[in-house]
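Subject: Structure handover and notes

Hello,

Please find the structure below. My notes on it follow.

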Amino acid sequence: MDVIFGRNKKEQLEPVRAQVTGRIPSWLQGTLLRNGPGMHTVGETRYNHWFDGLALLHSFTIRDGEVYYRSKYLRSDTYNANTKANRIVVSEFGTMAHPDPCKNMFSKAFSYLSHTIPDFTDNCLINIMKCGEDFYATTETNYIRKINPQTLETLEKVDYRNYVAVNLATSHPHYDAAGNVLNMGTSIMDKGKTKYVIFKIPATVPEDAKGKNPLKHTEVFGSITSRSLLSPSYYHSFGVTENYIVFLEQPFKLDVLKMSTAYIRGVNWASCLAFHREDQTYIHIIDQRTGKPVPTQFYTDPVVVFHHVNAYEEDGCLVFDVIAYEDGSLYQLFHLANLNQDFEENSRLTSVPTLRRFAVPLDVDKNAEVGSNVVKLASTTARALKEKDDRVYCQPELLYEGLELPRINYAHNGKPYRYVFAAEVHWSPIPTKILKYDVLTKSSLKWGQEHCWPAEPLFVPMPGAKDEDDGIILSAIVSTDPQKLPFLLVLDAKSFTELARATIDAEVHLDLHGLFIPDADGDAREQAPSQEQPDRVPDCQVAPRT
């Protein structure tokens, strides 16, 4: 596994043409833009955790049946400081960097003091966010980095705190029908409160507005006070419907006091994150129209959720699907010390990720008997049991065991849907297959090959699609077989049969998340050398916005 996780990857600064076998649909024109860790050692120093690695952007430009690949490290302040010093000098979540031992005592003391309230890294390695006409590499701190999606050049550094009072923010924003960005962040001890803040970044700015940057017009439209001032919940994503926000305040908590002294104590911030098995998971439903939470207190068993799949409203209920774990052990498995020749022994899941469906009644009958199920949906066996004091215990329906990195046809985001596209995992957190799961029939289709490790599958709808699964799946595949080059896999989303693969004679890293940019949003022709094919894209070949 050292081939995938341990080695620093080389950049591919100039586009390299892939060798395509099979046939890529003619309508598929655009760029798959992805993000993930690519460098895990700097000089003689090494990161402790795979999620700490320096961000390496890469793109697969699809043009007239051909594919061109390029990659480039995000030139963050973190990257620049580390490479200049030839050692890790900026702390990441699982790796605490310390002052140069040659510095004098005054310099060391100042460094300790400056870390009491940490200024987090801008190593934005998790996802790509579209904001207006711009694209940003994102992580879970208050920083995002603007990038050029054609050249992968790193542009401005943006601090969310200049626009909204958050210290942390998710890397999984949502986009409404108008293209506005909806996101959540945690505001730690601001004016005596720790809050989960819901904010919107507009897709467009009015002509008469001061400043054309959409971020300058960020609007907070709701917040939830944390149940603990000094131990806010960790969360990686959230759910949305047409009218509501779904937020899980889970007992996977960040200890702020421990975090503020972590640098002095010589421990990393990850050690300040703990799963509290004795606590409950609180389900917050916020009305987007008023910014106010639904007054009923909903809760479920202690779980850890990284990825929401989808949510929608049905017959007076809010239904939402998540990938849930029964403990917080997943993060521990990605320590680089575990991702070595003893991988199978070191990286066994103690809790297998499970697709769970919850149903929450938006208006609980006050006359319902205590202990009765107040969910009356025929479409799910999920239950909501009324308790005293307006509390409702939510018991999910278990749909599928052993999947992660879920994606859907985003046209169905916040609406009833049928298909989940995900990576299948079993004994380890590393995916071995790509999965299509039908939440209606409870059936699945799979793709997998020996020694192949797929990235998150991304769905791209075909023009004029009628069915939810009319389109293709894209996934970057890396291999532990030294004789097999990495490739971009193209699957028919309906049948899950392979249409094509584009084999790349360059180093490709296992990434985390990303998005597809149709030519209508970013012209793929700017990224690929000219070929003999006509330099045009017929109108019918432009994929719709995802």
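Is Leu485 buried, partly exposed or exposed? The model is a predicted one, and in it Leu485 has a relative accessible area of 36%. That value makes Leu485 partly exposed, because buried would need under 20% and exposed over 50%.

Leu485 sits in the loop that runs between β35 (471-479) and β36 (487-492). Leaving aside residues up to four places away in sequence, Leu485 touches Thr503, Ile504 and Asp505. Ala506 is 21 residues from Leu485 in sequence, and their C-alpha atoms are 7.9 Å apart.

Salt bridges

The count comes to 25 salt bridges. Three pairs and one network are described here.

Asp511 and Arg34 form a salt bridge whose closest N and O atoms are 2.9 Å apart. This pair links distant parts of the chain, with the two positions 477 residues apart: Asp511 is in the loop between β37 (498-503) and β38 (513-518), and Arg34 is in strand β3 (residues 30-39). Asp511 is buried, at a relative accessible area of 4%. Arg34 is also counted as buried, at 2%.

Lys146 pairs with Asp134, the closest N and O atoms being 3.6 Å apart. Lys146 belongs to strand β10 (residues 143-147) and Asp134 to strand β9 (residues 134-138), 12 residues apart. With 17% relative accessibility Lys146 counts as buried, while Asp134, with 22%, counts as partly exposed. The two fall into separate classes because the cut-off for buried is under 20%.

Asp287 and Arg289 form a salt bridge, with the closest N and O atoms 2.9 Å apart. Here Asp287 is buried, with a relative accessible area of 13%, whereas Arg289 is exposed, at 55%.

Salt bridges also link Lys436, Asp467, Asp469, Asp470 and Lys494 in a network.

A six-stranded sheet

One open sheet has six strands in the order β17-β18-β21-β22-β27-β26, and its pairing is mixed. The edges are β17 (239-240) and β26 (383-386); each has a single partner strand, so one side of each lacks a neighbour in the sheet. Strands of a sheet pair through backbone hydrogen bonds, in a parallel or antiparallel sense. Strand β22 (residues 297-300) and strand β27 (residues 391-395) are a parallel pair, joined over three bridges. Within this sheet, Tyr299 has Tyr393 in β27 as its bridge partner.

Regards

How values were computed: Residues numbered from 1 in each chain as written. Predicted model: local features only at pLDDT ≥ 70, side-chain atom pairs only at ≥ 80, totals over all residues. Heavy atoms only, no water. Pairing = 2+ DSSP bridges. Helix = DSSP H or I, 4+ residues; strand = E, 2+ residues; numbered from the N terminus. Buried < 20%, exposed > 50% of the residue type's maximum accessible area, 1.4 Å probe, protein only. Contact = heavy atoms within 4.5 Å. Salt bridge = Lys/Arg side-chain N within 4 Å of Asp/Glu carboxyl O.
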